[in-house]
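I opened the model to go through a few residues and one helix pair. The entries below are in the order in which I looked things up.

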Amino acid sequence: MARGPSDPCCHLWDGALRSPKEPLCFPTLAGLSPGLQSSLSPWTSAGPWRDWAEPSGTMVGLKPSEVPPTTAVKFLGAGTAACFADLFTFPLDTAKVRLQIQGENQAAHVAQSTHYRGVLGTILTMVRTEGPRSPYNGLVAGLQRQMSFASIRIGLYDSVKQFYTPKGSDHSSITTRILAGCTTGAMAVTCAQPTDVVKVRFQASVQLGARSDRKYSGTMDAYRTIAREEGVRGLWKGTLPNVTRNAIVNCGEMVTYDIIKEKLLDYHLFTDNFPCHFVSAFGAGFCATVVASPVDVVKTRYMNSPLGQYRSPLDCMLKMVAQEGPTAFYKGFTPSFLRLGSWNVVMFVTYEQLKRALMKVQMLRESPF
């Protein structure tokens, strides 16, 4: 079939996959063999080619749902994906906590006898001196934290962003996205702070036989003990630095992921599947680590400190600078980045797939057939 520039319709498919914005059509299929007609018919403008064609050649994972995910789906999917990510990255988080508090209590003989060097060195030292389960100290509280924390700050982000977006506007501004990230981050901390306090206490505790400094027999015992010894306010210790940190982290993660993903799709560099989610999540993890590390160190030290050691988060920050210098704010940066980078990749990739899977289940349940 000859091609002509004046032909208003597309020519026979030349084997190239088209963007969904490039219509594919054929002048006619008449006269072709039945087998060839059957092969070409899905690629006509009337066929369901839009569900198949991807510029990258393949769709990795589930295809996006035709119906936008509901708030309930996002809420449940975010919490579940965050728990899944925590299972993979929790040892890195524990190593980060140990490196951040190192040098805080030089008078304690346990701190003097155990010195951590680097991410891998910290994990190996913990396994050698405290047993193979030690990198997962506080995992139960960590999972409790993610189900309450991530569900709010990630699952409600889109809804809050739409709430702040002016009516009639097609796109949300960067200011609107930052405001949404700060809002959901602050809301999440308010609800989940006790779980974060318990998680940090378990991760910071050293178990060296008779010299163990562990005070709690389990997660629920930790909640009870802290409330009894330090009052209910002890469970919300460090809320201010944690609100600050998570507002920054949430903006670094959600806003960066949102913008990178949007630009990748707008410029047709990726389609809405795994490679796009991976690149966006990695960029979000790096940005979040850079901006949030100083606040994270102050938060960790203040939440782990015994009663009376610091008068306030500001006092903790000033003592850190006076005793250890400004580089103390970036203690544990490498494990923080490894943890946040890998956590974001696992979480966002899982989250995107869970949203699609849950929407398919919901649509099947609502289908009359």
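Where is the place of Tyr-136? I found Tyr-136 in the loop between α4 (119-130) and α5 (139-153). Helices here are DSSP runs of H or I with at least four residues, strands are runs of E with at least two, and both are numbered from the N terminus.

I noted the ground rules early: this is a predicted model, local features need pLDDT of at least 70, side-chain atom pairs count only at pLDDT 80 or more, and totals for chains, interfaces and linings use all residues. Residues are numbered from 1 along each chain as its sequence is written, and side-chain values use heavy atoms, with hydrogens and water left out.

**Tyr-136, continued.** I looked up its exposure: Tyr-136 counts as partly exposed, at 33% relative accessibility. Buried means under 20% relative accessible area, exposed means over 50%, and partly exposed lies in between (1.4 Å probe, protein chains only). Leaving aside neighbours within four places in sequence, I list Leu-87, Phe-90 and Pro-91 as the residues in contact with Tyr-136; contact means heavy atoms within 4.5 Å. Leu-87 is 49 residues from Tyr-136 along the chain, and their C-alpha atoms are separated by 8.8 Å.

**Phe-88.** I then went to Phe-88, which is found in helix α2 (residues 71-101). Phe-88 has 54% relative accessibility and therefore counts as exposed. I paired Phe-88 with Ser-342: they are 254 residues apart in sequence, but 8.5 Å apart in space, C-alpha to C-alpha.

**Phe-337.** Ser-342 came up again here, as one of the contacts of Phe-337. I place Phe-337 in helix α12 (residues 333-366). Its other contacts, with neighbours within four places in sequence left aside, are Phe-282, Gly-285, Phe-286 and Thr-289. From Phe-337 to Asp-93 I read 9.8 Å, C-alpha to C-alpha, with their positions 244 residues apart in sequence.

**His-268.** Which loop holds His-268? I found His-268 between α9 (239-266) and α10. His-268 is not a glycine, yet has a positive phi of about 60°. At 45% relative accessibility, His-268 counts as partly exposed.

**α7 and α10.** At what angle do these two helices pack? I read about 80° for α7 (residues 174-204) and α10 (residues 274-304), with their axes 9 Å apart. Axes are lines fitted to C-alpha atoms, for helices over the stretch in contact, and angles run from 0 to 180 degrees between N-to-C directions. That makes α7 roughly perpendicular to α10, a term that covers 65 to 115 degrees. I listed the contact: Gln-193, Asp-196, Val-197, Val-200, Arg-201 and Ala-204 on α7, and Lys-299, Thr-300, Met-303 and Asn-304 on α10.

**α7 alone.** I checked its length: α7 spans only 37 Å between its end C-alpha atoms, whereas a straight helix of 31 residues would span 45 Å at 1.5 Å a residue. The expected span is 1.5 Å times one less than the number of residues. I found a bend of about 65° in α7 at Ala-192, with a proline, Pro-194, following within four residues. The bend at a residue is the angle between axes fitted to the seven residues ending there and the seven starting there. In α7, 22 of the 31 residues are buried, so the helix is largely enclosed by the rest of the structure.

**Whole chain.** I closed with the totals: 12 helices and zero strands. Of the 369 residues, 47% count as buried. Among contacts with a separation of 6 or more, 73% are between residues 24 or more positions apart.

Terms used:
Parallel < 35°, antiparallel > 145°, perpendicular 65-115°, else oblique.
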